[in-house]
Amino acid sequence: MAMAIVHVVGALGVSFAFGILVLVIGTWEQERVRKRRFQDASIALGVPLASLENDEELIPRLIQYSSQRYSSELLRNRVSDLCGPLRTAWGWLSTLLQVGVMAGVGWSMYTEGAQSAVVMWSVLAVAIFFWLASVAFSFACLLLTGRYPGEANMARKSLAAVIEQRSSTEAAQETAKPLATAWET
């Protein structure tokens, strides 16, 4: 019985640690993609990278560049947009399968005894398999389109948020001006 507890707790603990590692790698990948986008924009616009982050006058040029580069009209962006939800669905399938394996092993332990606890390590095997397949799929999408799965869609959403923020800031400044002049008089 003690060995069954070791197998169950060990397999679930290592699987959880692997999940955290995958999240950390995913965060690193997103930051890398963001830096690559800024570097590409810096080269295309012919301005230093630091200027893109600090110079307000470059924002219209950056918006124009990004809207052309990540346009949904381009086939490579459409393929990237398709790959994003596919990779997300693959991740959900992985999670469902892992939960299914845990439930199946738990049921097997309940009906057949603790000797089937060693099968709990298959949860980790499923997680590793799905992660490796996801990495291979992402790499194939990158090679095919020059974008990570869903990158173009995320860039367009970010671009829309920037445009919305700028327009609401400008509108707030416009409505604040008459109030300021009214206050001064």
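**Figure 1. A cluster of aromatic rings in the predicted model.** In this predicted model, Trp-90, Phe-129 and Phe-130 are joined into a cluster by ring pairs. The count of aromatic pairs comes to five.

**Figure 2. The aromatic pair of Phe-18 and Trp-131.** The rings of Phe-18 and Trp-131 meet edge-to-face, with 5.9 Å from centre to centre and 90 degrees between the planes. This pair links distant parts of the chain, as Phe-18 belongs to helix 1 and Trp-131 to helix 5, 113 residues apart. Phe-18 counts as buried because its relative accessibility is 15%, and buried means under 20%. Trp-131 has a relative accessible area of 26% and is therefore partly exposed, a class that lies between the limits of 20% and 50%.

**Figure 3. The largest pocket and its lining.** The volume of the largest pocket is about 1200 Å³. Its lining comprises 39 residues, and those closest to the centre are Val-22, Leu-23, Gly-26, Trp-131 and Ser-134. Two or more lining residues come from each of helix 1 (2-45), helix 4 (75-112), helix 5 (122-145) and helix 6 (151-184). Helix 1 provides the largest share, 15 residues. Sorted by class, the lining of the largest pocket holds 22 nonpolar, 13 polar and four charged residues.

**Figure 4. The second largest pocket.** The second largest pocket contains about 540 Å³ of space. Among its 23 lining residues, Phe-38, Leu-62, Ser-66, Leu-159 and Val-162 lie nearest the centre. Helix 1, helix 2 (49-54), helix 3 (59-69) and helix 6 each contribute at least two residues to this lining. The most, seven residues, come from helix 6. The lining of the second largest pocket is made up of eleven nonpolar, five polar and seven charged residues.

**Figure 5. The largest nonpolar core and a separate one.** In soluble globular proteins, nonpolar side chains tend to be buried together. The largest nonpolar core in this model has ten residues: Ala-4, Val-8, Ala-11, Val-101, Val-105, Ala-117, Met-120, Val-123, Val-126 and Phe-130. Helix 1, helix 4 and helix 5 are the elements that give two or more residues to this core. Apart from the largest core lies another core of seven residues, including Ala-41, Leu-45, Val-47 and Leu-52.

**Figure 6. The surroundings of Ala-117.** Ala-117 is one of the residues of the largest nonpolar core. When neighbours within four places in sequence are left aside, Ala-117 is in contact with Ala-4, His-7, Val-8, Val-105 and Met-109. Of these partners, Ala-4, Val-8 and Val-105 also belong to the largest nonpolar core.

How values were computed:
Residues numbered from 1 in each chain as written. Predicted model: local features only at pLDDT ≥ 70, side-chain atom pairs only at ≥ 80, totals over all residues. Heavy atoms only, no water. 1 Å grid on protein atoms, 1.4 Å probe; cavity = no way out; pocket = protein on both sides within 12 Å on 5 of 7 lines; lining within 4 Å. Points joined across faces, edges and corners; volume = space filled by probe spheres on them. Helix = DSSP H or I, 4+ residues; strand = E, 2+ residues; numbered from the N terminus. Nonpolar A, V, L, I, M, F, W, Y, C, P; charged D, E, K, R; others polar. Core = buried A, V, L, I, M, F, W, Y, C linked by side-chain atoms within 4.5 Å. Buried < 20%, exposed > 50% of the residue type's maximum accessible area, 1.4 Å probe, protein only. Contact = heavy atoms within 4.5 Å. Phe/Tyr/Trp six-rings, centres within 6.5 Å; stacked < 30°, edge-to-face > 60°.
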